[in-house]
Amino acid sequence: MITYYVLLQASGVAEGAAEVTKANDASFMARYYADFRFVTQQVGTNVALLHIEPDFWGYAEQVNENPTAIPAAVGAANATH
């Protein structure tokens, strides 16, 4: 099991709503996705449980109960997109 808990520490913002808004920063998220891609490449074809950003999801729900209403830089930050 790997707990991937990077967003808060890497973003340098306060825990909570500020952490959620950081998900809409394309340059930050490009680095985040590259790092996550590295982790998944290390797992490769092995079986692993990835526990991804455990606190982030709770904070996101506090910002807006509808996850589709929270802006996130996905396409703009994903170099493989």
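A salt bridge here is a side-chain nitrogen of Lys or Arg within 4 Å of a carboxyl oxygen of Asp or Glu. I noted at the start that the model is predicted.

**Entry 1, charged pairs.** I searched with that rule and the count came to one salt bridge. Which side chains form it? I found Lys22 joined to Asp25, with 3.1 Å from N to O. That distance fits the rule because the cut-off is within 4 Å. As background, I wrote down that side chains of opposite charge can pair when their charged atoms come close.

**Entry 2, cover of the pair.** Is Lys22 buried or exposed? I read a relative accessible area of 19% for Lys22, so Lys22 is buried, the limit being under 20%. For Asp25 I read 25%, which makes Asp25 partly exposed.

**Entry 3, fold.** I counted four helices and two strands in the protein. I then followed the sequence and got the order β-α-α-α-β-α. The radius of gyration is 13 Å, and the globule rule gives 12 Å for 81 residues; the two are close, so the protein is as compact as a globular protein of that length. I also took the span of the C-alpha trace along its principal axes, about 35 × 25 × 25 Å.

**Entry 4, contacts and surface.** I looked at contacts between residues at least 6 apart in sequence, and 71% of them join residues at least 24 apart. How much of the protein counts as buried? I noted 27% of the 81 residues. The protein exposes about 5,200 Å², and 57% of this area comes from carbon and sulfur atoms.

Terms used: Residues numbered from 1 in each chain as written. Predicted model: local features only at pLDDT ≥ 70, side-chain atom pairs only at ≥ 80, totals over all residues. Heavy atoms only, no water. Buried < 20%, exposed > 50% of the residue type's maximum accessible area, 1.4 Å probe, protein only. Rg over C-alpha atoms; globule rule 2.2 N^0.38 Å. Contact = heavy atoms within 4.5 Å. Areas by Shrake-Rupley, 256 points an atom, 1.4 Å probe, with all protein chains shown as cover.
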